[in-house]
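Subject: Structure handover

Hello,

Here is the structure we spoke about, with notes on what was found in it. Please read them with the structure open beside you.

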Amino acid sequence: MVNQEVFAQSGNVSNYVVGPKKMPHFWTFVLLIFSILCDELFAQDENRVVFSFGTFQNVSVPENGSVQAVVSRIPTDVSFITLQFHTQHHNATLSYNRVPLPGFSLTAADTGLLSTLTPTQSSLTWFLLSPDGDTVAGTGVILPYTNRDPVPGACNMEFDLDIDPNVYLHYNLFETIITFAPANIGYNRGASPPECDVDTGPGTRWRLEYDIYQYFLPESDLSEQSLIFSLERVANVLNLREHGKRVITLTSNDRTTMAFSSIPGQGVIYSVIVRDPLLNTSASYIPAHTYACSFASKLDDCATLGKISTKVFFTIVGVAGLIVCFFGHRFFKCELFCMGFAFSAFFFFVLITRTTTQDYDIRLALTALIGTVGGVFLVMCWWRFGSVMACVMVVGLLLGFLLASSVFFTPLGDLDVFRSDVVFWVTFWCFVVVVPILFVRWPREGNIIACGVAGAYAVVLAVNAYIYTSLSYITLDILKRFLNNNFNRAFISVPFQDIDFILITVWVVLGVSGIVLQLYRERNRPFFPPSPYLMWRQGRERRKTNVLDPSHHTPSFPTRLIDRIRQLTCRPEPAGERTPLLL
């Protein structure tokens with residue numbers, strides 16, 4: 001049945017209402033002709049949107065209503081068409097029918113449908129609905145493909161849709177996992193699709209390959225305009241190859257799933273291009289985006305991702321790091337406390353997170369407490385035993401940990417050989433242990449370098465508490481691998497944008513400046529300050545054996561303390577008879 005459309009009497013031809021009122025056949029025919037002529041002029045009416053191939057169209061789905069997505073004048077060489085619709089964080093339903101049915105509709109923030117065409121078909125209609133009863137605004141685009149192009153999701157055996165071109169995305173604190181259905185080779189209009197799993201020869205879908213792409217939105221940009229602009233840059237095959245980053249290529253024998261490291265607060269778009277190497281053709285799946293955080297949460301949502309406790313903690317760490325960077329070797333006790341704090345706090349946080357389910361703020365407070373105990377313990381070890389090399393070994397381990405983390409932060413960390421936990425951890429700890437061994441030969445220089453590098457990185461972490469930077473993931477990715485047993489299958493890929501290059505420059509400048517300043521200032525000083533306890537013991541032994549030493553006749557500390565208290569509390573007695581001075 002043809003919908004009867006009645007134009008409003010206001011004179012604005014783009015505004016009309018829908019109603020069941022019957023109209024004469026002549027006027028119905030005139031209305032249909034006029035509607036066809038106005039398709040190119042009026043893209044969106046109250047319940048109908050006309051799309052053009054490859055052109056994005058903004059769509060607003062009314063509350064408890066639906067919108068028809070229409071494409072007409074389809075060329076005869078087009079065999080199938082995909083419609084994709086994206087919102088920032090609200091769900092939208094895309095359906096083949098006006099009433100969504102299971103297996104014929106999909107509800108998500110990134111939705112897409114694929115329709116195959118009959119030999120005589122020249123138009124298509126889909127339906128957009130708001131599942132949550134609120135007005136939903138988003139953007140959509142329609143892309144055509146020929147019979148030579150592979151059909152995304154045509155060999156779907158896992159999801160509800162018969163042909164499912166969507167990329168499904170799930171995330172947690174540690175990793176983001178994408179999944180998609182296998183594709184099939186192209187076929188003509190009206191023809192039966194090739195069998196998916198009957199044969200594995202070169203004439204079947206098993207020759208297809210899948211390129212997985214990643215595109216980062218601008219850092220700290222949660223705006224809807226930025227998302228729409230980015231989606232337009234990666235919606236089709238050509239744009240995705242130009243602007244996206246190809247992460248890996250899968251064959252048809254591989255599992256159609258991939259894991260990536262989660263970056264809370266950072267917008268990322270994932271998409272897949274399926275290629276037919278025999279025909280040199282390709283098609284794009286429906287892109288999916290994530291910020292690895294929730295816009296709907298009332299506590300710690302995307303807009304307020306940084307906790308106050310985290311900002312306070314890392315602000316103090318940054319100030320301490322700045323002091324260590326320039327004055328760490330000079331104030332050796334302060335340096336040992338900071339290094340011991342960092343060493344013990346890191347491993348205690350791993351331990352308490354893996355073994356308990358305490359709230360984050362409680363874990364952070366306990367971590368700060370244990371870090372303080374660890375820092376005091378390292379200082380007391382040096383104060384009591386005077387073993388400089390043992391303390392410097394701990395400093396060297398910390399520097400080795402930071403250098404090893406930096407190495408695996410590069411593309412080297414994404415090599416397949418490091419997917420094995422055994423290979424990764426053995427290689428990682430070998431990097432860590434090499435640095436303290438070098439400290440045995442050059443202890444003072446190694447300690448000053450550790451102060452400059454680690455102290456400057458602490459400043460970077462403090463900046464990250466207020467402004468997002470990818471450099472924090474140098475150590476955070478290692479922390480995630482400690483905490484999550486399945487993190488080894490995640491790709492560690494983060495965006496490098498202007499703020500990251502600025503902070504790399506800050507890190508290098510602070511580190512080099514601190515190292516050069518301390519090396520210059522300490523060039524004529526002893527390598528390390530002596531232990532206070534050992535100096536006290538030596539002084540005590542010297543006073544016992546050397547009667548000519550003035551300190552030998554110095555009263556003991558308790559005696560001097562009692563005398564001082566008496567001087568403060570007792571009135572002095574008169575010295576006796578007072579007589580005038582004789583001239």
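The protein chain has 13 helices and 20 strands. This is a predicted model, and every value below is computed from it. Of the 583 residues in the chain, 46% are buried. Among contacts with a separation of 6 or more, 76% join residues 24 or more positions apart.

Helix pairs

Two packed helices are described by the angle between their axes and the distance between the axes. Three pairs are covered here, and helix 9 takes part in two of them.

Start with helix 4 (residues 308-327) and helix 9 (residues 443-464), whose axes come within 7 Å and cross at roughly 155°. An angle over 145 degrees counts as roughly antiparallel, so helix 4 and helix 9 are roughly antiparallel to each other. Their crossing is left-handed. On the helix 4 side, the contact involves Phe-314, Thr-315, Val-317, Gly-318, Gly-321, Leu-322, Val-324 and Cys-325. Facing them from helix 9 are Cys-451, Gly-452, Gly-455, Ala-456, Ala-458, Val-459, Leu-461 and Ala-462. By class, this contact has eleven nonpolar residues, five polar ones and no charged ones.

Helix 9 also packs with helix 7 (residues 388-409): the two axes come within 9 Å and cross at roughly 45°. That angle makes helix 7 oblique to helix 9. The crossing is again described as left-handed. Here Met-389, Val-392, Val-395, Leu-399 and Leu-402 of helix 7 meet Pro-443, Asn-447, Ile-449, Ala-450, Val-453, Ala-454 and Tyr-457 of helix 9. The residues of this contact divide into eleven nonpolar, one polar and no charged.

The third pair is helix 5 (residues 332-355) and helix 10 (residues 473-483), with axes 10 Å apart and an angle of about 40°. Helix 5 and helix 10 are therefore oblique to each other, and their crossing is right-handed. Helix 5 contributes Phe-346, Phe-347, Phe-349, Val-350, Thr-353 and Arg-354 to the contact, while helix 10 contributes Leu-479, Phe-482 and Leu-483. Seven of these residues are nonpolar, one is polar and one is charged.

Thr-290 and Ala-292

Thr-290 belongs to strand 19 (residues 288-290). Is Thr-290 buried or exposed? Its relative accessible area is 6%, so Thr-290 is buried. Beyond its neighbours within four places in sequence, Thr-290 is in contact with Leu-169, Tyr-171, Thr-176, Gln-266, Gly-267, Val-268 and Tyr-270.

The side chain of Thr-290 also reaches the backbone nitrogen of Ala-292, at 3.0 Å. Ala-292 sits in the loop between strand 19 and helix 4. With a relative accessibility of 11%, Ala-292 counts as buried. Its phi is near 55°, a positive value in a residue other than glycine.

Asn-280

Asn-280 likewise has a phi near 55°, positive although the residue is not glycine. Asn-280 lies in the loop between strand 17 (268-276) and strand 18 (281-284). At a relative accessible area of 71%, Asn-280 is exposed.

Two loops: Pro-75 and Gln-121

Pro-75 is in the loop between strand 5 (66-71) and strand 6 (78-86), and Gln-121 is in the loop between strand 9 (110-116) and strand 10 (124-129).

Pro-75 has 36% relative accessibility and counts as partly exposed. Not counting residues up to four places away in sequence, Pro-75 touches Phe-53 and Arg-189. Under the same exclusion, Gln-121 touches Thr-116 and Arg-189. Arg-189 therefore appears in the lists of both loop residues. Two C-alpha distances also link these stretches of chain. Pro-75 and Ser-123 are 48 residues apart in sequence and 9.6 Å apart in space. Gln-121 and Thr-76, 45 residues apart along the chain, are separated by 8.3 Å. A polar atom of the Gln-121 side chain lies 3.0 Å from the backbone oxygen of Ser-123.

Regards

Terms used: Residues are numbered from 1 along each chain as its sequence is written. This is a predicted model: local features need pLDDT of at least 70, side-chain atom pairs count only at pLDDT 80 or more; totals for chains, interfaces and linings use all residues. Side-chain values use heavy atoms; hydrogens and water are left out. Axes are lines fitted to C-alpha atoms, for helices over the stretch in contact, and angles run from 0 to 180 degrees between N-to-C directions. Helices (H or I, at least four residues) and strands (E, at least two) are DSSP runs, numbered from the N terminus. Angles under 35 degrees count as roughly parallel, over 145 as roughly antiparallel, 65 to 115 as roughly perpendicular and the rest as oblique. A crossing is left-handed if the near helix is turned anticlockwise from the far one by less than a right angle, and right-handed if clockwise. Contact means heavy atoms within 4.5 Å. Ala, Val, Leu, Ile, Met, Phe, Trp, Tyr, Cys and Pro count as nonpolar, Asp, Glu, Lys and Arg as charged, and the others, Gly among them, as polar. Buried means under 20% relative accessible area, exposed over 50%, partly exposed in between (1.4 Å probe, protein chains only). A polar contact is a pair of N or O atoms within 3.5 Å; within protein, one must be able to donate a hydrogen and the other to accept it, and residues adjacent in sequence count only if both atoms are side-chain atoms.
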